[in-house]
Amino acid sequence: MTGVVKHATRRPLEVPNATAEQAQTRNSQLRARFPARPAELWWPHTARPAEETRQRLTALPFLPAANGTRAGRRRGVTKLLRWLSSLPGDTWQERWAASGAEDLPGAAWADPPLRWLREGGPSPSHDHEDLSSGLLMLICGDVIRPGLPWMLTRTHRHLASAMAEIRDRDGFARLRQLAESGQAGSGKDAQIAATRIATLLACKGGLIRDITVGDCVELIDAQRRVHARGGQRKVDFYLRLRALGIFPEDAPTTIRAFGQALGQLSIEELVDRYQLQCRPVRDLIVDYLRERQPSLDFASLDAVSRTLAGLFWARVEALSPGIDSLRLPPAVARAWKEDLRTKKRTTTGPDGTRIEIASPRLNAKDELIRVRAFYLDIAQWAAEEPARWGPWAVPCPISDDEIQKAKDRKHRKARMDQRTRERLPVLPVLISTTDRRRRAAADLLRAAQGTEPGALVPSTDGSLRRAVVPKAAGHLTWVEETNSGRRRNLSYEEEEAFWAFAAIEVLRLTGIRNEELLELTHHSVTEYRLPSTGEVVPLLQIAPSKTDTERLLLVSPELADVLSTIICRLRAPNREIPLVASYDVREKVWNPPMPLLFQRDIGTEHRAFTPTAIRKLLINALAATGLTNADGDLLTFSPHDFRRIFVTDAIMNGLPPHIAQVICGHGSIDTTMGYKAVYPAETIEAHRAFIARRRAARPSEEYRTPTDEEWDAFLAHFEKRKVSIGTCARAFGTPCIHEHACVRCSLLRPDPAQRARLVDIRDNLTARIAEAEREGWLGEVEGLRVSLAGAEEKLAQLNRRPSLGVVDLGMPAANLVGGHLASEHHEGIFVTTEDEALHLQLRAHARGLHGSTAAVELLIAHRRWLRRANFRDQFLFTGTDFDTEEVTACIDWPTAVITLDRGRLPCSGSESIRDSLLRQRVPDAADRRQHR
């Protein structure tokens, strides 16, 4: 298992995104809805006399079963009451506050009562233990209520059990039932959560049903102040209390809503992040953003505010302190534009020194466009409201020529195409490695779970031992490496490997955006029933995101397998997908709970994946492959790379661009074509020839967004592909060229389940041929033999077909299927050993592809073409098959035909005849896709 690598993170801005006061202001709205219970100064138990209190705390239900513990509690209660009685105050709570014990963290609180006891005479050695037992009784008996910060500085091994015996038996019994119904091995988490809840009862009083959401928030705030550790365990108690149903229905599903920046910043807060010095300009930017706000979502409004307040005016003030007008001096405008072209970041070098690195800002012109729009909008509004906008209407310092983006678009297109060309060939490696990594992690986890702690894990050659970790969460499986002693969390490794596999598969099979991936829910998987046959076609519903347009995608068998695996993994024992509230990092709001497909368990909480988590999964998955780029660095994939690869592969394999536009949800077909990478083999001449052939075969009206009827016809096409002995692979909208003689057609994919039917057809054809020869019906013999050859070829395809696990559809990888070698004829020309090797390589590459096999055999039979240097140099390519490591050779048939058509490859008369036959045998579109 490859170790997990950390990804590089950006350093935070020197100007913070939000101050603590701003965050508190936003959260105060939520805190006001769910206030904490105020601290009480008087309640009945704290005002009782000493003797009555002592008798109450030394009677049932305060008496434990063990005699020694009972005696220690009785002595401790008596000593603490004597000590507190010596302090000023009318109630035990006032005396406890006056003692100053809460100023001493941890076990040091006992020093003042111990000193007081020693002053009264000799002190027994067990005084300290007695005082701890007595304090526990005073707290559980609601005689005193310590503060939350002080309680969090102490360990409370017996607090939860004592509270369950004394204060609230029913409430803690419900907690135990909830823990028993949860995941196995979570007993430690349940104990910690019970202690947190008991702490709230100790400090706030009452029963578990009296705890409020505000009490939980106050406890979390106190934990932050005293730096109490615990990770997810710090907030687990809130989830358990919410599951008990004691909170109102509108309570947040997670307590993280109170700590995270909830809601959207106001326009004033967006601008004040950058502490602008000129108040009039600051107010102008606020007014401008308020005018633009109705037409922008929050993410766009945030981006405009960052540009105008942060990148524009804050930097102008740094270049020219005291400036108070939008009319920039030419020198200041030039300096600002020059500064905008680069962005600076600080990193730590190998020697620990901090280094500032400057790099070009790729979106510099986008920032200029926003600033220019700011000036032009004010100039236009000044004509409508002169009093309000007129004083600020000045010439724009950015000319129209400075924002021309034609060259930048070309450079961006080149960068995108290069990324796609680098990543498309290695995608099969990533897919296979990710799948193997997932299966290996799952096998290792199962082996470790079946191993006793301290024993060697089977099938690891003694390299791993089941770790003994008594304090770890019970649902996690830990092992340690025998040679280094390093511990590994196999539960985490298996989870990461699975979700990396799931994310990569869904992204590459659908081409959806990252935010659309994270919004997929169980309800997204729907179906469409064909009206004619009743066959169910699975569809994937993509929620509106960037273009606010909903769309449906056809679910391929591979995608259906991945989605079903995810759903089976997430389903609870009640067969339901847990509801998860996700945080929209762009809109800064919490989404309502939904059965998200991309969620994971952190402790006992179900959390949605974030964009950062998906990027980490991809980085670690790529690290496991060892793939590198041209510079030798580790290759990286972004979620959007899979979208570009999806569009490129779909269009290269014959999907019409306007259909790809609908599938991807693009508003313009130009965007779709911009995603498609251009390969060097696609020369201008080939492109023009392709367009000419397309326009001759298809009317121009097809190059538009399809109507609903056309889309329904496209979906209904799949019902016509199923025939009695398999599936027809002919293209959409094309007629059957064999007049439905399916057994003869090379496009038929035989169904393994119909092998018996094919055997019957073959036997019937054999009998009919024998009958025709016996009766002298020679006119039927030839046709029957053609059909017999087709039936035998379909049976041979079934025999050659390997058993597949995860099927890779639509990826441009060679799909070599075992086949037979045709015989060679050596007429008139001596065939060398080199020629024979080349013939074998050509046949190996064309194996299983009927059009390519026919063309290769015709080329070999002609003999002269493969001897010509200008033909071999231009159109012959050799390589090694990835699966079999067999050396193969292929011919670039389309380019050869185009070159012959244009007369750029001279040939003799016999060669010309062969050339015409060669064009007739050029592989069809399906074969060309396989050869690519």
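Trainee: What makes helix 22 count as mostly covered?

Mentor: Of the 21 residues of helix 22, 20 are buried. A residue is called buried when its relative accessible area is under 20%, exposed when it is over 50%, and partly exposed in between, with a 1.4 Å probe and protein chains only. Helices here are DSSP runs of H or I with at least four residues, strands are runs of E with at least two, and both are numbered from the N terminus. The model is a predicted one, in which local features need pLDDT of at least 70, side-chain atom pairs count only at pLDDT 80 or more, and totals for chains, interfaces and linings use all residues. Residues are numbered from 1 along each chain as its sequence is written, and side-chain values use heavy atoms, leaving out hydrogens and water.

Trainee: How do you know whether the span of helix 22 agrees with the expected one?

Mentor: The expected span is 1.5 Å times one less than the number of residues. For the 21 residues of helix 22 this gives 30 Å, and the end C-alpha atoms are 30 Å apart, so the two agree.

Trainee: Why is N489 said to cap helix 22?

Mentor: A side-chain oxygen of N489 lies 3.2 Å from the backbone nitrogen of S491, at the N-terminal end of helix 22. Just after helix 22, G511 takes a positive phi of about 70 degrees.

Trainee: Does E496 count as buried or exposed, and why?

Mentor: E496, which is found in helix 22 (residues 490–510), has 6% relative accessibility and therefore counts as buried.

Trainee: What joins the side chains of E496 and N620?

Mentor: They are joined by a polar contact of 2.6 Å. The term requires a pair of N or O atoms within 3.5 Å; within protein, one must be able to donate a hydrogen and the other to accept it, and residues adjacent in sequence count only if both atoms are side-chain atoms.

Trainee: How do helix 11 and helix 12 lie to each other, and why?

Mentor: Helix 11 (residues 213–226) and helix 12 (residues 236–243) pack at an angle of about 170 degrees, with their axes 10 Å apart. Axes are lines fitted to C-alpha atoms, for helices over the stretch in contact, and angles run from 0 to 180 degrees between N-to-C directions. Angles under 35 degrees count as roughly parallel, over 145 as roughly antiparallel, 65 to 115 as roughly perpendicular, and the rest as oblique. Helix 11 and helix 12 are therefore roughly antiparallel. V213, C216, L219 and I220 of helix 11 make the contact with F237, Y238 and L241 of helix 12, contact meaning heavy atoms within 4.5 Å.

Trainee: Which classes do the residues of this contact of helix 11 with helix 12 fall into?

Mentor: Seven are nonpolar, none is polar and none is charged. Ala, Val, Leu, Ile, Met, Phe, Trp, Tyr, Cys and Pro count as nonpolar, Asp, Glu, Lys and Arg as charged, and the others, Gly among them, as polar.

Trainee: How are helix 8 and helix 9 oriented to each other, and why?

Mentor: Helix 8 (residues 159–166) and helix 9 (residues 169–180) pack at about 125 degrees, with axes 6 Å apart. The pair is therefore oblique. A160, M163, A164 and E165 of helix 8 meet R169, F172 and R176 of helix 9. By class, this contact has four nonpolar, no polar and three charged residues.

Trainee: Is L200 buried or exposed, and why?

Mentor: At 0% relative accessibility, L200 counts as buried. L200 belongs to helix 10 (residues 187–204). Apart from neighbours within four places in sequence, L200 is in contact with L148, G205, I211, D215, C216, L219 and F237.

Trainee: What makes P706 count as buried?

Mentor: P706 has 16% relative accessibility and therefore counts as buried, although P706 is found in the loop between helix 29 (684–697) and helix 30 (708–716). Leaving aside neighbours within four places in sequence, P706 is in contact with H658, I659 and V662. The C-alpha atoms of P706 and H658 are separated by 7.4 Å, and the two residues are 48 residues apart along the chain.

Trainee: Is E782 exposed or buried, and why?

Mentor: With 62% relative accessibility, E782, a residue of helix 32 (residues 778–800), counts as exposed.

Trainee: How many helices and strands does the protein chain have?

Mentor: The secondary structure comes to 38 helices and 17 strands. Of the 932 residues of the protein chain, 42% count as buried.
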